[in-house]
Amino acid sequence: MHNPFFVTYFVIIPLLSAFLISIIGKYVKHRYVEMVASISCFLLLVFSLQGLNILRKASDSVLVYKLGGWALPFGICMVFDGLAGFMLFTVNLIAFLICLYSINYMEKYTDKPKFFTLFFLMLTGMNGLIITGDLFNLFVFLEVASISSYALVAFGTEAEELEASFKYAIMGSVASCFIFLGIALLYGFASTLNMADMANVLSTKPSNWLIPFVSVLFLMGFGLKAALVPFHGWLPDAHSSAPASISAMLSGVLIKTLGLYALMRIFFNVLGVSGIYLSALMFLGALSIIVALVLAVVQWDIKRLLAYSTISQIGYIVLGIGLGTPLGILGGLFHLFNHSTSKSLLFLNAGAVDYSINTRDLREMSGLKQKMPVTANTNLIGSVAISGIPPFHGFFSKLIIVLACIQRGFIGYALAAVIGSLLTLSAVMKMQRYAFLGELKEQYKNIKEVPFLMKFSMSCLAIICIVGGILLLPNLKFFLDSAVNVILEGRDYGRLVMEASIR
Amino acid sequence: MSALIAKFYPMLIVDNLSRFIFWAILLFGALIAVYSFRFMKEKEGLAKYYLYLIFTIIASLGVVLSNNLILLLVFWGFLGFTLYSLINIEASASATAKKTLIIVGGTDTLMLLGIAIIWNLSQTFRIDQMRIALDQPIAVFAYILLACACFAKAGALPFHSWVPDCAKDAPLPVVALLPASLDKLLGIYLLVRLSLNIFVMNNAMNLFLMIVGAVTIVAAVIMALVQHDLKRLLGYHAVSQVGYMVLGIGTGSLIGIAGSIFHMLNNAIYKSCLFLTAGDVESQTKTTDLDMLGGLAKFMPITFAGALIASFSISGVPPFNGFVSKWMIYQGLVERIAAQKTVVISVLCLLAAMFGSALTLASFMKLIHAAFLGTEGAHKKVSEVHWTMWLPVMILALLCAVFGIFAKQIPLNKFVFPAVGAGEFVGFWASSWATLLILFGILIGFLIYFLGNTKGLIREDNNYIGGGAVGQDERVSGVDFYNAIRELKFFKYLYKKEEGKYFDIYEQGKNLLGFVGKLFQFLHNGVLPTYLVWALLGTAVLFLTLIR
């Protein structure tokens, strides 16, 4: 049996680095701050790989770390299982690459140590939310991540950024209220905050009103964090105003962790909902796909375009997961991973363009491919991957989602997914055409390709986009399968965690 | 080779149909590669060009060999991406590249949906195990979705609009390879597979195909008639010819399907030949505007010969190959009429096909006259192209002649009939005998010409106006004769609409999207209270619907 202590590293390392950086940042050169940041991100990546290794050996393994040695359900615990392993790897992979990218990119801004402090606090929140086994802890981590992201959105401190951050903060707080209310109601009913224990209590003690009511509260709360239509109003502003590396982080992993992961965990593993709530999820998903993409196509600001496309891709994931079948959940989770990588890549490209020519307006750019070949080519790869052109990885997840929709007989939803795919293609190809192709403008004759680390992270993500499809091969499928199984086990989660905690 | 592929069964499979398309793809790939050596010499990004060329050929081979629909879709979709990248080799073609990728890639996603439905109906992805009856609406829907992907790839209406744009803007070898030959081969290959293997066709679907085919033939050829640009003219013909193939498959009779497979092969041959001659003209004169060209036959005799043969072939002049396959398609239609199956529509389609053929001849008369004959154009005296550029043209022209004269002996018996599993047909065009007769007729003509002492009867002189030589600006180019058509009342309206991109599904989609987008943008006014209201309204609706 593995020592479950390693799961605490996912919180300890980023939290420590956040404080370390904020303390030493004033006194040492930025180079050391960068070193601390990249080393701790790298360590996190290594630990998440170790987690994957555990899952590879036994995909149903559950590791429980009891804080202070208190037995469940009295103490707080941290739980590592298939879904957590999947999310941890996704988050920390993206975080590592974005951290490297930021080292160069954040030269544009003044205060690097503050940036990395907030970055690591956000990472703490996300990692903590993923591994926690306690509902209130989940809320705390959610707020840690949210508040640091409010600050990061406002990092440029121009009028636009502050306005976006304000909107984001207000709407995020409303969502937090709903979530908090839901948690309070659940606590009042089940007299426990431990998620495993709560799952057990809820399966033995039925309630007619609580679960529907709480489900809607969570649907709204986490739906807003995940930016499902009609709760998406904050996202385009926030994601386009933040520094590009943070936009990539927000779109790539933050909304998925805070919104989707938390929703999946609570819906499937704690509340054990099914039927009409999943239908509602699917409906919101399909709605998000279409509405957001129509809006994406008409944008001229690169990052706004990408932000709207993010909403629609979240729709795909929710549509897949809402189907509730093994195939649908597989498609949804695979799309989650694929979208994390491809959308981060696209935001990093947008950042690279912004870095070089200081504008985000597509109408002002042209022919940048001649001067920025790496950015242009990785952008092409990210674009075709996100719009589901084979053999890039987005194709496979969309294929699985469409197959799963048809399998359940939802032709309308499948059609929405397909039309969405077409619209995504139009949206991202617009970016390709206006930014990178065509004739180079006179005023951009002297621009240069971005520095090495930015190129490096973009290339890594592009490579993942190209070969991502191999995750469906039998040898590597444990990565997705173990996560799918956790969702499918439903409220058995409670029993499994309890058993694992005694071992 | 078959043994190697058999090892990958059930992922890959090779049968008579896929075998000859396999070799055809390799042939076209090789010819275009040879052609590109010279033509693309001065372009940038050559390594990328050849890389994508090889990818294209591999993916095309993958499509015809796949026995698994998902695998087929992967190769098929990847072709859209390679086409996009190949068009982008030409720096100014980015708008066309985007349009192409959106039309082709968009229909690929429709195909994905169709495949998902097929999978649900038959519980397998293996093509050799599928026989789906078109008796329920969902199966028909799936068929139409897949057919749309075929139409877009081959360039039939209403997904045709990328082909003429592509023909004009993309690098020429790319046009000759993809829209002119490989995309046709693959699109029609899949349509034949759909109609023969995957689905059991019924009369309604046949009618659907016939109507799409007939409309494509006539609409595109009418557009081709008034084009002033050599490449764009050829692009519209590339669309029009697809109509014949779709029509042939739609007849549902074996000879019609065999005819359309043969036409697909022939079209790939003469159409890439024509595009390559257009490339020769472009590389020597630096223009493809028919108003500027003229009298090239003297300077580029080999290119002229190739263009002439291919033009005869595409217009269905015997004894070249285009005639034989069109003849077979007509036969398929006649068979339908004889069998009293939807006589009116079949007769109309037959008329449309023949009318289309006549207009094709008319527009190629224009092309040949305007580019190669007539008085000299604005260009300088030019020389014949390098041999790597005329050799592919000659090989293709030779194939046009051989496949026409020995139609039965070589292409039909070797490739086409085994592919559809058929043998003899009644009332078949005896091409070799006919060729002998034609040659005999030509011989007699020559004899009369030389022996009949016509010397004094004809006077040859240069054009003149008012006793002076015709200046460059007063020159009548071959194009002007056809402007009369443009002025006809109905056609005038039609051309105006087409030039306003009224029939272009891409532009219409863009307009619609822009309209809906404006509407949605109105609701996203950037004011926080609005967004909060949306969110809270959404929550209220969720409460009302989910809590009973």
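Let me start with a salt bridge in chain A of this predicted model, where Lys112(A) pairs with Glu34(A) and the closest N and O atoms are 2.4 Å apart. What makes the pair worth pointing out is where its two partners sit, since it links distant parts of the chain: Lys112(A) belongs to helix α4, residues 112-131 of chain A, while Glu34(A) belongs to helix α2, residues 30-57 of chain A, and the two residues are 78 apart in the sequence. Over all chains, the structure holds 19 salt bridges.

With that number in mind, how many salt bridges does the rule find across the interface of chain A and chain B? The count there is zero, and polar contacts between the two chains come to two residue pairs, both at pLDDT 80 or more. The elements of chain A that give two or more residues to the side touching chain B are α6 (159-190), α8 (210-226), α11 (276-297), α14 (373-386), α15 (393-407) and α16 (411-436), and the largest share, 13 residues, comes from α16(A). If we sort the residues on that side of chain A by class, we get 45 nonpolar, eight polar and six charged. In the whole interface, 59 residues of chain A are in contact with 50 residues of chain B, and the two chains bury about 4,800 Å² between them, with 82% of that area on carbon and sulfur atoms.

Let me move on to the packing of helices inside chain B. Two packed helices are described by the angle between their axes and the distance between the axes. For helix α4 (residues 69-87) and helix α5 (residues 94-122) of chain B, the axes come within 9 Å and cross at roughly 175 degrees, and α4(B) and α5(B) are therefore roughly antiparallel to each other. On the α4(B) side the contact includes Leu69(B), Trp76(B), Gly80(B) and Phe81(B), and among the residues they and their neighbours meet in α5(B) are Lys98(B), Val104(B), Asp108(B) and Met111(B). By class, the residues of this contact divide into 16 nonpolar, three polar and two charged.

A second pair in chain B is formed by helix α10 (residues 230-251) and helix α11 (residues 254-285), which pack at an angle of about 175 degrees with their axes 8 Å apart. That angle makes α10(B) roughly antiparallel to α11(B), and the contact between them has 13 nonpolar, nine polar and three charged residues.

Finally, I would like to turn to the backbone. Most residues other than glycine have a negative phi, and most peptide bonds are trans. In chain A, however, the peptide bond joining Val229(A) and Pro230(A) is cis, with omega about 10 degrees, and Pro230(A) is found in the loop between α8 and α9 (235-241) of that chain. Chain B has a cis bond as well, from Leu157(B) to Pro158(B), with omega near 0 degrees, and Pro158(B) lies in the loop between α6 (137-154) and α7 (162-169) of chain B.

Which sign does phi have at Asn358(A)? It is positive, at about 60 degrees, although Asn358(A) is not a glycine, and this residue lies in the loop between α13 (326-357) and α14 of chain A.

Key: Residues are numbered from 1 along each chain as its sequence is written. Chains are lettered from A and ligands numbered from 1 in the order in which they are written. This is a predicted model: local features need pLDDT of at least 70, side-chain atom pairs count only at pLDDT 80 or more; totals for chains, interfaces and linings use all residues. Side-chain values use heavy atoms; hydrogens and water are left out. Axes are lines fitted to C-alpha atoms, for helices over the stretch in contact, and angles run from 0 to 180 degrees between N-to-C directions. Helices (H or I, at least four residues) and strands (E, at least two) are DSSP runs, numbered from the N terminus. Angles under 35 degrees count as roughly parallel, over 145 as roughly antiparallel, 65 to 115 as roughly perpendicular and the rest as oblique. Ala, Val, Leu, Ile, Met, Phe, Trp, Tyr, Cys and Pro count as nonpolar, Asp, Glu, Lys and Arg as charged, and the others, Gly among them, as polar. Contact means heavy atoms within 4.5 Å. Buried area is the accessible area (1.4 Å probe) that two parts lose on being put together, summed over both. A salt bridge is a side-chain nitrogen of Lys or Arg within 4 Å of a carboxyl oxygen of Asp or Glu. A polar contact is a pair of N or O atoms within 3.5 Å; within protein, one must be able to donate a hydrogen and the other to accept it, and residues adjacent in sequence count only if both atoms are side-chain atoms.
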